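Colleague: Could you walk me through one part of this model with me, the place where the protein meets one of the DNA strands?

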Protein chains: 2
Amino acid sequence: MSDLLERLRNRGWRMTAQRRVVAEVLDGDHVHLTADEVHARAARRLPEISRATVYNALGELVALGEVAEVSTDGRAKRYDPNARRPHQHLVCSRCGTIRDVHPSGDPLAGFPESERMGFLVSKVEVTYRGLCPSCA
Amino acid sequence: MSDLLERLRNRGWRMTAQRRVVAEVLDGDHVHLTADEVHARAARRLPEISRATVYNALGELVALGEVAEVSTDGRAKRYDPNARRPHQHLVCSRCGTIRDVHPSGDPLAGFPESERMGFLVSKVEVTYRGLCPSCA
DNA sequence: TCCTACGATGGACGGATTCCAAGTCAAGAA
DNA sequence: TTCTTGACTTGGAATCCGTCCATCGTAGGA
């Protein structure tokens with residue numbers, strides 16, 4: 001049984017066949033899928049599921065904090081089911097692949113070879129997100 | 001006289017009226033404009049300049065490392081002419097405004113109040129960009 | 001079982017960006 | 001200076017992501 005489905009149910013998330021399939025596609029796996037990929041996988045089990053429904057479900061899972069959105073620079077956003085444990089991302093600027101990393105210490109200082117997973121890291125970006133004075 | 005234009009010329013960047021205007025719009029100012037804003041400002045001086053040309057020029061400036069792209073989650077990318085000095089970004093999740101910050105120490109640890117510029121910071125993202133093993 | 005508010009559908013729509021084929025021009029050569 | 005040519009520009013079409021909307025369906029409480 002899935003932890004994710006369990007949690008969603010307990011939080012009063014109205015369960016439908018479509019939402020269940022979307023949650024199942026994301027659950028477990030530590031892959032970072034695009035909305036389109038989620039839709040494709042969901043459609044294998046529920047052929048009539050619509051793109052809009054997948055976008056809705058993903059948006060809600062993000063709002064609930066169960067899934068994180070990762071933007072990959074111009075490309076389609078990717079959805080990270082591993083939102084509950086803090087971690088950082090390694091993004092390929094060519095193909096958009098994402099991998100999770102858990103570097104220790106100051107991310108701007110050295111990034112241990114052992115954590116690079118074979119990537120050729122060329123830059124580190126730190127972004128603080130929040131509300132600006134006039135929007136707050 | 002502009003440092004940026006100077007450098008570009010020295011690096012053998014073929015100079016055209018359009019490219020000069022785009023570079024001039026970005027130069028100096030530490031604002032973070034969208035491609036459309038750059039186009040609008042460029043068009044004030046060169047009314048016939050096309051959007052495609054602006055996109056081309058921006059892409060080249062990014063490739064040359066003179067300008068940095070900042071993606072703001074779903075919204076249009078913004079272009080940061082301050083690419084030569086390392087710094088981080090504060091992004092408003094509501095209106096997309098961007099401000100530069102230069103925090104010292106570990107970005108994941110505390111983020112000094114004095115650096116927040118009035119923002120209500122809700123999360124910090126660290127992204128390592130580069131090439132994955134199969135693209136490298 | 002019945003109700004009804006919430007969810008699903010899919011096609012139209014919109015913004016941002018890229019593509020393309022044709023025309024134009026910067027800058028080195030003569 | 002003029003010539004030449006490859007690089008640049010143009011603008012409209014095309015693409016990619018994502019959202020909207022009116023309508024239909026259904027989960028889950030009464």
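How many residues surround DNA strand D, and which are the closest?

Modeller: Happy to! This is a predicted model, so local features need pLDDT of at least 70 and side-chain atom pairs pLDDT 80 or more, while totals for chains, interfaces and linings use all residues. Residues count from 1 along each chain as written, chains are lettered from A and ligands numbered from 1 in written order, and side-chain values use heavy atoms without hydrogens or water.

DNA strand D is surrounded by 15 residues (a heavy atom within 4 Å), the closest being A:R14, B:R14, B:T16, B:Q18 and B:T53. By class, this surface has 6 nonpolar, 4 polar and 5 charged residues. Both chains take part: α4 (51–63) of chain A, and α2 and α4 of chain B, each supply at least two residues (helices are DSSP H or I runs of at least four residues).

On the DNA side, 75% of the strand D atoms within 4 Å of the protein belong to sugar or phosphate, and the rest to bases. Three polar contacts (N or O pairs within 3.5 Å) illustrate this. In chain A, a polar backbone atom of A:M15 is 3.3 Å from a phosphate oxygen. In chain B, a polar side-chain atom of B:Q18 lies 2.9 Å from a sugar or linking oxygen, and one of B:R19 lies 3.0 Å from a phosphate oxygen.

B:R19 is also among the buried residues (under 20% relative accessible area, 1.4 Å probe, protein chains only) of helix α2 (17–26) of chain B. The others are B:V21, B:V22, B:A23, B:V25 and B:L26. Their cover includes α1, α3 and α4 of chain B.

Key:
Buried means under 20% relative accessible area, exposed over 50%, partly exposed in between (1.4 Å probe, protein chains only). Contact means heavy atoms within 4.5 Å. A polar contact is a pair of N or O atoms within 3.5 Å; within protein, one must be able to donate a hydrogen and the other to accept it, and residues adjacent in sequence count only if both atoms are side-chain atoms. Ala, Val, Leu, Ile, Met, Phe, Trp, Tyr, Cys and Pro count as nonpolar, Asp, Glu, Lys and Arg as charged, and the others, Gly among them, as polar.
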